[in-house]
Amino acid sequence: MFSVICKIFPQHLFLWTVMVLLVIASVFLLCGTLFQSPEVAAFKPLFKDGSLTHREITQMAILRKTAEVCRDIATARGREFTLTINNRLTPSAVQKACLASSSSALFYLAITETYLSNAAVDVLFALSEARHIDNEAFSEGRDLITRGVAAVKASVQQGSYISARNTLGTLCHTLQDFYSHSNWVELGSSSPFSALIKPDRLLDNLAGPNTPTCKSCAGSNCRDNILPEILLQKKLTSGYFSVFSSQKPAGKCSHGGSLDRTSSREPTGGINKDDVSSDHGFLHLRAAEMAINATMEVLQDIRLATGDQAFLRLVGLSQTSVLAFVIDTTGSMSDDIEEAKRVSFSIIDSRRGTPEEPSEYILVPFNDPDFGPLTRTENADIFKERINSLSASGGGDYPEMCLSGLLLALAGASPSSDIFVFTDASAKDSELKSTVRAMIERTRSTVTFMLTSPFLFRRRRDVSQSKSFTSRSMPSSDKQLYRDLAHVSGGQTIEVTKATLFQATEVITDASTSALVTVLQVLRSPMIAENISFILDPSLFNVTVYITGDSPVFTIYNPTGVSQSGSVADGPLGSILTVGNLKRVKLNSDNQTGEWKISIDSTSSYSLKVTGQSSVNFLFNFVEQLEGGDFTPKDNRPFMGRNSTLFVSVTGGDSVTLTDVLLVEASGSDVVNGTIKSLSATDFLVSIARIPEWAFVVQLKGLLNDSTRSVPSRFQRQSPTQQQGSRVTITAQASSTIEPGIPSVLNFTVATNATGSSYIIRARTDRSFSVSFPSSLDMGTGGSAQGNVTLTAPSDTQSGMDVTLTIEAEDPDSGDSNYVAVRFSVMTKVTDFSSPVCQVVRVKADCPVECSTGSWELSANLTDINGTGIAGVSLSRGNGSFSLSHVMSGDGTNVTVASYNASCCSQEVELVVVDKVGNVGTCFTSIKSPSTTASPNDSTTISSDEAVSTKGSSTVRPNLTTFTPSASYSVSFSMCVTVLGLFVFFLCG
């Protein structure tokens with residue numbers, strides 16, 4: 001939010017009404033969800049030379065805390081952990097040190113989701129004083145942070161990790177801005193202000209509303225503009241900020257900067273530390289360090305509340321593949337259901353306990369008129385139980401609720417998942433096609449349809465079961481709907497008989513592996529005979545070629561010229577499985593590196609897909625550059641016919657050289673080549689001169705600079721999901737949480753460069769929550785219109801459940817459309833913010849010189865007075881055993897008594913106590929150098945007088961060693977007040 005608008009706007013522009021400004025702000029809002037917002041008043045969104053950004057603060061904190069978790073796990077298991085935890089960590093290095101089976105791409109994706117939601121605050125809430133802790137809004141800002149922390153914990157408990165990351169990024173923005181916008185650093189503080197994440201602590205020593213806090217700067221020098229008495233009395237204040245008015249309370253500090261009109265009013269100047277060039281930029285590095293340490297502090301609180309394994313899932317480190325099935329359960333599907341059970345059980349049983357074991361399982365049944373519920377679990381046995389309970393019945397009227405079930409799975413699964421749909425029927429809910437497409441684009445998940453021919457091909461043992469049904473076949477137009485969605489996602493439509501389905505499900509086994517990448521995918525319609533080439537690099541293994549279509553004839557050639565015809569099942573290059581309309585070529589593992597070629601011809605449309613496993617992959621997002629040079633993210637379709645920018649990150653390689661970043665026509669051969677600017681060894685900005693009118697995929701080509709090889713290797717990767725542009729934008733501003741049973745109103749704006757047109761509006765949720773919205777909006781003379789959606793979650797919705805609302809705007813004449821998808825966490829109002837109390841009442845140690853021959857004991861009373869009650873107790877440190885019992889105190893308080901016993905060689909213990917809403921209390925005891933009293937038997941006893949009770953994860957404990965991260969960082973604060981920049985953008989149309 002701290003970027004500076006470089007252009008001077010004509011004075012008459014500011015005479016527009018406030019309503020027009022709001023419309024413009026909404027247009028600008030569209031630009032954000034990917035990187036950080038335009039320059040306003042907060043840490044910079046993405047890039048700032050010489051200063052760090054919200055992106056870097058968030059990423060560094062996550063990497064450091066994740067490394068600490070992995071180090072603690074390794075230590076507890078007696079394993080060496082050699083990674084140095086400092087400010088130079090990379091996702092790849094942390095992933096390797098943690099021995100994680102997931103690819104670094106998934107880890108980086110989870111980090112990206114978090115920092116993009118952080119950056120989006122500068123766009124969505126540019127002028128919110130609470131979101132940026134401007135105008136001394138400490139209490140309001142703390143409320144946002146603590147409610148956000150509670151929502152993250154509830155989402156993690158429900159397995160809603162995407163919602164948890166979105167909320168985490170949002171709350172971290174406010175938390176981080178505190179250290180740039182307040183005088184906490186100027187007061188000489190050496191550690192984070194923990195009261196911001198602990199609502200049961202007082203926000204004390206705040207400057208009063210009438211207390212002067214600043215004097216005018218001496219020209220451009222603002223180093224000593226905070227009043228001496230404020231510093232002496234340790235009074236906390238923050239700068240005032242406004243882009244519309246210079247008014248502020250008398251004597252108060254301003255934020256400062258060219259966009260802040262209050263900074264021109266006495267006392268002039270500002271106190272922000274957004275970057276090194278800010279008014280207090282000389283303290284930028286200290287503010288940055290504070291912000292990183294504060295972010296680590298909130299991550300530690302979440303870790304203690306949820307546990308190490310759930311925390312690693314939250315940051316994406318323990319995520320491998322996802323096994324996701326959407327299954328038609330009508331009467332004709334008994335064979336298909338049995339095959340889905342067989343293949344899923346085979347995958348689970350063969351990979352349990354291995355690095356290839358799926359990290360998550362998704363199941364959504366559907367028929368007519370029902371679909372769901374969604375089963376999302378990390379427990380393979382629960383998934384087995386749920387899929388085993390499915391049976392085929394009903395459905396005599398044929399079309400089923402296929403797309404409703406698929407939409408539920410897309411919203412529930414992790415991004416970039418592979419989802420398999422089993423059906424033999426048309427979709428009764430085909431009107432959801434555009435919504436499903438939008439969700440595919442947003443999640444970049446791959447959807448493969450397993451279509452079976454009903455009844456005519458049933459196995460003999462099932463003939464009797466089908467007598468009550470009429471023989472039928474799926475119309476070609478209905479199959480095309482499935483083909484279209486599969487092609488958009490980078491999946492396939494596999495058409496087989498029920499008798500041969502078991503062969504086709506080999507593709508499920510192929511896809512349910514970790515680190516799966518797409519090397520190439522093409523769709524040809526109309527058909528042409530051509531030679532298609534692709535590059536295989538040394539990092540690839542388990543390479544598979546898929547060709548789907550009714551009549552493709554092909555020959556494949558390796559880099560040395562050896563060939564194999566598609567009619568040869570087992571040849572020199574690999575084995576070929578032919579079933580239905582699918583040909584699957586499993587390449588041999590030897591001599592794969594180099595340029596391959598497929599010569600292919602067909603009389604009908606076909607698709608070709610090449611996949612493999614590799615640590616090297618890429619992530620991309622469309623961003624928009626601001627006048628100040630930084631970028632803001634886009635979370636929907638880019639504007640067709642205009643220039644655009646891609647931010648590309650290559651994961652899994654030490655360093656790469658990109659030679660080509662291409663927008664390749666999805667069903668043709670046209671190409672738009674981008675201009676590449678290297679930002680680091682693996683990060684790049686790519687300028688696209690013009691977004692094409694046709695659907696496209698993103699393709700990368702370049703060189704892998706592998707430290708183990710003397711010569712760089714050519715490589716190629718492609719995004720499986722199609723993208724497309726639009727001539728309409730739709731933006732929405734929403735809170736990240738909604739309350740069960742209470743209607744929530746979401747405002748949205750539709751804008752286009754045409755005037756006077758009317759757009760069809762559609763709004764749906766993946767969980768069938770009640771929504772009301774206008775059926776259409778008429779664009780005014782300015783080419784924009786506003787509407788709202790009222791969303792209501794049922795009153796019995798579980799706290800922590802997530803729901804995705806998709807709003808679409810479509811031009812009825814051209815069919816051009818765009819969408820915005822907003823994910824909410826449903827949160828019951830939290831009133832308990834008090835942490836459980838852990839009181840050590842007795843420690844008895846009788847430890848001889850030879851520690852292995854002795855043991856020691858601890859007893860602690862755990863209470864949650866006036867709270868929601870204790871939900872769990874665990875050990876975060878110590879190798880002993882503990883047991884729990886429950887008693888009632890004299891005053892009627894429920895007391896959980898923890899009894900711990902350990903060898904004298906294990907001299908420390910830390911108990912973690914979590915209540916039912918995720919508040920954390922801990923107590924730590926060490927017998928290394930305890931405060932002791934002598935007992936008759938010469939054992940060491942710590943009496944209850946010396947025991948310590950604590951609230952919160954900032955533990956108070958005997959012999960306490962306070963954790964203080966020790967890295968030095970700089971931070972780029974960027975506050976999103978580029979509404980003015982958007983204003984110009986809007987006017988220029």
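Buried means under 20% relative accessible area, exposed means over 50%, and partly exposed lies in between, with a 1.4 Å probe and protein chains only. By that cut-off C217 is buried, at a relative accessible area of 11%. C222 is buried too, with a relative accessible area of 3%.

This is a predicted model, in which local features need pLDDT of at least 70, side-chain atom pairs count only at pLDDT 80 or more, and totals for chains, interfaces and linings use all residues. Residues are numbered from 1 along each chain as its sequence is written, and side-chain values use heavy atoms, without hydrogens and water.

**Disulfides**

A disulfide here is a pair of cysteine sulfur atoms within 2.5 Å. The whole structure holds 6 of them. With the bonded cysteines of the protein chain numbered in sequence order, the pairing reads 1-2, 3-6, 4-5, 7-12, 8-10, 9-11. Three of the bonds are tabulated below.

| Pair | S to S | S-S torsion | Hand |
|---|---|---|---|
| C70 and C98 | 2.1 Å | about 110° | right-handed |
| C217 and C222 | 2.0 Å | about 110° | right-handed |
| C847 and C904 | 2.1 Å | about -80° | left-handed |

Helices (H or I, at least four residues) and strands (E, at least two) are DSSP runs, numbered from the N terminus. The C847 and C904 pair ties together parts that are 57 residues apart in sequence, because C847 lies in the loop between β34 (837-845) and β35 (855-863) and C904 in the loop between β38 (894-903) and β39 (908-915). C847 is partly exposed, with a relative accessible area of 37%. C904 is buried, at 1%.

The disulfide between C70 and C98 joins the two cysteines at an S to S distance of 2.1 Å. This pair links distant parts of the chain, 28 residues apart: C70 sits in helix α2, and C98 in the loop between α3 (91-97) and α4. Both cysteines, C70 and C98, are buried.

Two further cysteines have computed burial values. C172 counts as buried at 1% relative accessibility. C402 is likewise buried, at 1%.

**Nonpolar cores**

A nonpolar core is a set of buried Ala, Val, Leu, Ile, Met, Phe, Trp, Tyr and Cys residues joined through side-chain atoms within 4.5 Å. The largest one has 65 residues, of which F178, Y179, F193 and L314 touch the most other members. Elements that each supply at least two residues of this core are α2 (54-76), α4 (104-124), α6 (138-157), α7, α9 (284-306), α10 (308-314) and β16 (617-625). Helix α2 gives the largest share, 10 residues. A second, separate core has 33 residues, among them V322, L407, V421 and V436.

**Sheet**

Strands count as paired if DSSP finds at least two bridges between them. One open sheet has 5 strands in the order β26-β33-β32-β28-β30, and its pairing is mixed. Its edge strands are β26 (737-738) and β30 (776-778), each paired on one side only. Strands β28 (residues 758-765) and β32 (residues 802-810) pair in the antiparallel sense over 6 bridges. A763 stands opposite I807 in β32.

What lies across β32 and β33 (817-826)? Helix α7 (residues 161-181) does, running at about 90° to β33. Contact means heavy atoms within 4.5 Å. Axes are lines fitted to C-alpha atoms, for helices over the stretch in contact, and angles run from 0 to 180 degrees between N-to-C directions. Helix α7 also supplies at least two residues of the largest nonpolar core.
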